[in-house]
Amino acid sequence: MEADRVEKPVWIKHASQLATLSQDGKGPRVKEKMSELGIIEDGSMWLEEGVIKAVGTTAELEKKYGEREKEADIVNASGCLVTPGLVDPHTHVVYGGSREREFEMRLEGATYMEIMNAGGGIHATARMTREATEEELIEQTTWRLDSFLAHGITTVEGKSGYGMNLETELKQLRVMEKLQQTHPIDIVPTFMGAHAVPQEYKGREDEFVDRLINEMLPVVAEEKLAEFNDVFCEKGVFTPDQSERILEAGKKYGLIPKIHADEIESYGGAELAAKVGAISAEHLLKASDEGIRAMAESGVIACLLPATALYLREQAAAGRKMVDAGVPVAISTDCNPGSSPTTSMPLVMNLACILMRMTPAEALTAATYNAACAINRQDKAGSLEEGKQADVVMWDIENYQKLQYFFGVNHVKSVWKKGIRVV
């Protein structure tokens, strides 16, 4: 994506709706707070030096900035919705190759776990990622990041996990580090060496856990390549006890726990997320009522991935139940080559409403402010407030309801990242 060359102030005027998502507190929104979008009609914003300098009605900002109008890039947002840049808090964006043949296999009757146990799935991507050079991974990932931007996403979390050996895990994390320096999107790195047990350790799973804890985690921490530590707690992958060991070990190195939980079957993952103080639990298609209560009580953010459920033809997570129970909910594309090869958060917001019975307002909150909270970026991203990064999307529709009403349509008109127009 080409950014505008001249970094001048940007004055957005006359937005039909400016959804600020402004927040009094610092934590994620829950229950009825998820429906409070902070909408300003005939809204206006002044962006300068990469940050938001002012937010209000057009009349209010004309009084404040009218004398500086000639300095600014004037954007007429009449008839448009303006929101914060979308935040995608769960992706596997760095990987080699693709797995379209597995899509066909599933349609012919094979299950996700059957494909993985036969050497496909995560193992297939691991082989292709191990074989890819750093330059090849940068090229492939750049294409995906460009597509994220085109869909209004300005910040993404990215997981390693397609190496399951030290060399390739570090390669994935270093690719993210380099792209953070060269691509407009902010990339928040997560170490996920515990994405699956490598085939060469089949039958010696605890030995691999020991190696991950004693050899991989120290290097990742020493090189400061990740902020979070994630594990796939699932029957046939990592047990709750193994997952707890890995997450607690990561905490000793300052890595914040995340957990792939209860995706295939109810396995105590949501309860474990609450026990270890995870910032978020991901997937949760089969989370138990007890697990949902534990997450609500401990403030664990539910990061729900309805596009993955759709792609695997599974029933989506109980988003409505979780919101009503007081669980803070975020949503994500889960961009990955096997179970959700998409970069469209507008589609994910549609699916949050259609499959998980969330309201349009809740879905927008889940894709912005709560998503930022799920990756510790709420002080910079997720809402339109003075002093925050100028990450802004202008949509070619006049209200937030239409953003969810139109199914599978990308209404992005313009995107600014740190005050620079990138779409």
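Which residue forms a salt bridge with K417, and how far apart are the closest N and O atoms? In this predicted model, the partner of K417 is D186, and the closest N and O atoms of the pair lie 2.9 Å apart. The setting of this pair is best described by way of the two domains given by the domain assignment of the protein, in which domain 1 comprises 10–84 together with 383–421, while domain 2 covers 86–375.

The centres of the two domains, taken over C-alpha atoms, are separated by 29 Å. Contact between them involves 35 residues of domain 1 and 37 residues of domain 2, and the area buried between the two domains amounts to about 2,600 Å², with carbon and sulfur atoms giving 66% of this area. On the side of domain 1, the residues that lose the most area to domain 2 are M34, Q404 and K417, which together account for 26% of what that side buries.

As for polar interactions, two salt bridges are counted between domain 1 and domain 2, and 14 residue pairs, with both residues at pLDDT 80 or more, are in polar contact between these domains. Among the elements of domain 1, strand 5 (81–84), strand 14 (392–395), helix 16 (400–405) and strand 15 (412–417) each supply at least two residues of the side that touches domain 2. The residues of that side of domain 1 divide into 17 nonpolar, 11 polar and seven charged.

Terms used. Residues numbered from 1 in each chain as written. Predicted model: local features only at pLDDT ≥ 70, side-chain atom pairs only at ≥ 80, totals over all residues. Heavy atoms only, no water. Domains from an automatic or database assignment. Contact = heavy atoms within 4.5 Å. Buried area = accessible area lost by both parts, 1.4 Å probe. Salt bridge = Lys/Arg side-chain N within 4 Å of Asp/Glu carboxyl O. Polar contact = N/O pair within 3.5 Å; in protein donor to acceptor, adjacent residues only side chain to side chain. Helix = DSSP H or I, 4+ residues; strand = E, 2+ residues; numbered from the N terminus. Nonpolar A, V, L, I, M, F, W, Y, C, P; charged D, E, K, R; others polar.
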